[in-house]
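Hello,

Here is the structure I said I would pass on. My notes follow it.

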Amino acid sequence: MPSGTAGPVGNARPGVPIGPATPPGPGAPGNHGGPARPGVPGVPTDHGAPAGPAGPGAPRPGGPVGRPLPPAQTAAEAPAASGDPVQAAPGESEPAMTGRQRLAAGLWPPRVSRAQLIVAVLLFVLGLGLAIQVRSTSDNSALRGARQEDLVRILDELDDRTQRLEDEKTRLESQRSELESSSDQAEEARKQTQEKESQLGILAGTVAAEGPGITLTINDGSGAVESDMLLDAIQELRAAGAEAIQVNDVRVVADSYFSGGDGDIQIDGTKVTAPYVFKVIGKPEDLEPALNIPGGVVQTLEKEQATATVARSEKIIVDALRPAKRPDYAQSSSQ
């Protein structure tokens, strides 16, 4: 190339004359610190290269040479990027939510704070404890669902037991007073010892007894009566205050046992057969109702096709005796 002739410089853009650099005007920053185009405020140049005058048909900065800029698009006309929410155009209102949608949006996802969670757990534990307590109290109540007649009978039995205990206490206090005031304390002690021996002999079955009570007769023509039914009758009579019991010819005491069944029932190893006759000494007004309560001994036997009759008497004799046994290991602790 001849000297003094200017050639193309680098990647010069055709149609854009290269002139002397002009300092940027005030308020017109360049791109990346480059000078701004003269006469066009606020339009940056490409990587600080000097820009010529802008005009129609000027190439887009940083784009292909000679390609014109595309027409400007509004926000509504520009396509949405992938994953970006589509915004409604100005002037268009969002679709209204139904009441069910607002309720679902308010409930889910749940917005629970730490304090609310702690209070909820405490309330749950408190409610569970109260429910368990109420259920335990309801299940353990033996009187729940009882009829008024049964409650009255139970109350009368408790009153009778209390009265018997009070009488026993009075009797013991009287004996102590007699021992303390008697001139011949040895004779008085011997007398009380004999009375105590008679009482213990009645309980142990070694002494005959008589007094008011009832007679219970159980007829079992079908052989349906079992040994546990007779034992239930004994337990009911003892709970009602029976002091001496005899079944047929066997004395029933604290250590008596029932065994067998199907017509072969034994009491303390002695066989007993129907009819089973119970001779019981005690207060008749307490013994008879204890057997006739709803669901008691009499109704249970009637369900098994057996009959049970109860008769009161002012004099019942219990004369079946048990041999006195000397204990092998137990000894008196009194000195």
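In which helix is the place of E236? E236 belongs to α5, the helix formed by residues 227–239. Please keep in mind that this is a predicted model.

Is E236 buried, partly exposed or exposed? Its relative accessible area is 27%, and since buried means under 20% and exposed over 50%, E236 counts as partly exposed. Leaving aside residues up to four places away in sequence, E236 has contacts with A290, L291 and V297. For L291, the separation from E236 is 55 residues along the sequence, while the C-alpha to C-alpha distance is 6.9 Å.

Next, the hairpins around β5. Strand β5 covers residues 264–267, and its side chains alternate. I265 and I267 point to one face and are buried; D264 and Q266 point to the other face and are not buried.

On one side of the pairing list is β4 (residues 258–261), which runs antiparallel to β5 and is joined to it by four bridges. Within that pair, I265 in β5 is opposite G260. The β4 and β5 hairpin has two residues between its strands, and D262 takes a positive phi near 55 degrees there.

β5 also pairs with β6 (residues 270–272), in the antiparallel sense and over three bridges. Here V272 in β6 is the bridge partner of I265. This hairpin, too, has two residues between the strands, and D268 in its turn has a positive phi of about 55 degrees. I265 therefore has a bridge partner in β6 as well as a residue opposite it in β4, where two strands count as paired if there are at least two bridges between them.

Strand β1 (residues 209–219) has two pairings to report. With β8 (residues 307–318) the pairing is antiparallel and extends over ten bridges; E210 is opposite I317 of β8. With β7 (residues 276–281) the pairing is antiparallel over six bridges, and L216 has F278 in β7 as its bridge partner.

Last, the surface. V112, L117, V121, F124, V125, L128 and I132 make a nonpolar patch of about 690 Å². One of these residues, L128, lies in helix α2 (residues 114–140). Why can L128 be called partly exposed? Its relative accessibility is 43%, which falls between the limits of 20% for buried and 50% for exposed. That value also passes the requirement of over 30% for patch members.

Regards

Definitions and conventions. Residues numbered from 1 in each chain as written. Predicted model: local features only at pLDDT ≥ 70, side-chain atom pairs only at ≥ 80, totals over all residues. Heavy atoms only, no water. Patch = residues over 30% accessible without salt bridge, like charges linked within 9 Å, V, L, I, M, F, W, Y side chains within 5 Å. Areas by Shrake-Rupley, 256 points an atom, 1.4 Å probe, with all protein chains shown as cover. Salt bridge = Lys/Arg side-chain N within 4 Å of Asp/Glu carboxyl O. Buried < 20%, exposed > 50% of the residue type's maximum accessible area, 1.4 Å probe, protein only. Contact = heavy atoms within 4.5 Å.
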